[in-house]
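Reader: I would like to learn how to read a model of this kind, going from one helix to the sheet and then to the core. Could you take me through it step by step?

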Amino acid sequence: MKLAIESIPGAGLDLKLDDKTSWVADMVKNVLMRENLIPEKYAGSLRIGKVNDNIHLDGSLNLVFKSSCHRCLKEFPFSLDIPLNMNLTPQYHSDEEPSFQSKQEELELNADDLDFSFYDGHEINLSDIVGEQVVLALPPVFTCSENCKGLCAQCGQNLNEVACLCAPKDIANAPWAALKTLKGSPK
Ligand SMILES: [Zn+2]
Ligand SMILES: [Zn+2]
């Protein structure tokens, strides 16, 4: 969703982030589907403030979705609280605004320390900005619990539910059992 900078009132703009807002629904779906996650529900809010051309975003998004456990393949619900705090400052092009170049370089030096980003032109793309925060908040691996025992490499039994009678050394390899089952599955 593109938002024109000049359309942001001086008093700021308050947005609801829920499934009734189509750009939020599209953004959540796009980001989660890419990671094989199934959106369940989400809600949040975003305040957009403006001081001169500098934009400040402040809000949060709670996201509930389904993921498959990487060890035992069971689907489980996952909830994330994603903070949305960011400062955006206009990117000036050297041919347009040469006097701003040194200021911009100075800001870029600090960009790693602060939640600073640049926007180009006269609008910001909220789908991209919020979507990026969602991607950054996703854990690299999903497991249903820290102690998930995974599947037995030999018989495929979910070892969280019941222990099988296979040799115990295979339990150590249990995380790989999920991969084997995937490869051999008829789907
Ligand atoms: Zn699991
Ligand atoms: Zn077994």
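Reader: What should the 12 residues of α3 span at 1.5 Å a residue, and how far apart are its end C-alpha atoms?

Author: Before the helix, a word on conventions: this is a predicted model, in which local features need pLDDT of at least 70 and side-chain atom pairs count only at pLDDT 80 or more, while totals for chains, interfaces and linings use all residues. Residues are numbered from 1 along each chain as its sequence is written, and chains are lettered from A and ligands numbered from 1 in the order in which they are written. Helices (H or I, at least four residues) and strands (E, at least two) are DSSP runs, numbered from the N terminus. The expected span of a helix is 1.5 Å times one less than its number of residues; for α3 this gives 16 Å, and the end C-alpha atoms are 17 Å apart, which agrees.

Reader: Which residues of α3 are buried, and which exposed residues does the face turned away from them carry?

Author: The general idea is that an α-helix has 3.6 residues a turn, so residues three or four places apart point the same way. A residue is called buried if 20 or more other C-beta atoms lie within 10 Å of its own, exposed if 12 or fewer, and partly exposed in between, with C-beta atoms placed from the backbone. In α3 the buried residues are Leu126, Ile129, Val130 and Val134. They cover an arc of only 135° around the axis (taken from the directions from the helix axis to the C-beta atoms), which puts them on the same side of α3. Asp128 and Leu136 are exposed on the face turned away from that buried side. Counting a contact when C-beta atoms, placed from the backbone, lie within 7 Å, the buried residues of α3 pack against β1 (2-4), α1, β4, β5 and β7 (123-125).

Reader: In what order do the strands of the open sheet stand, and which stand at the edges?

Author: Strands pair if DSSP finds at least two bridges between them. Here 5 strands form an open sheet in the order β2-β3-β4-β5-β6, with mixed pairing. The edges are held by β2 (13-18) and β6, each with a single partner strand, so one side of each is left without a neighbour in the sheet. The mixture can be followed at β5 (residues 75-90), which pairs in the antiparallel sense with β4 (residues 54-68) over 14 bridges, but in the parallel sense with β6 (residues 116-119) over 4 bridges. His56 has Asn87 in β5 as its bridge partner, Asp58 stands opposite Asn85 in β5, and Pro90 stands opposite Tyr119 in β6.

Reader: How many residues lie between β4 and β5 in their hairpin?

Author: There are 6 residues between the two strands, and Leu73 in that turn has a positive phi of about 70°.

Reader: Which residues have the most contacts inside the largest nonpolar core?

Author: In soluble globular proteins, nonpolar side chains tend to be buried together. A nonpolar core is a set of buried Ala, Val, Leu, Ile, Met, Phe, Trp, Tyr and Cys residues joined through C-beta atoms within 7 Å. The largest one has 20 residues, and Val28, Leu61, Leu63 and Val130 have the most contacts inside it. Two or more residues each come from α1 (22-34), β3 (38-51), β4, β5 and α3 (126-137). Leaving aside residues up to four places away in sequence, Leu61 touches Leu17, Tyr42, Gly44, Ile82, Leu84 and Val130. A second, separate core of 8 residues includes Cys69, Cys144, Leu151 and Leu159.

Technical notes:
Contact = placed C-beta atoms within 7 Å.
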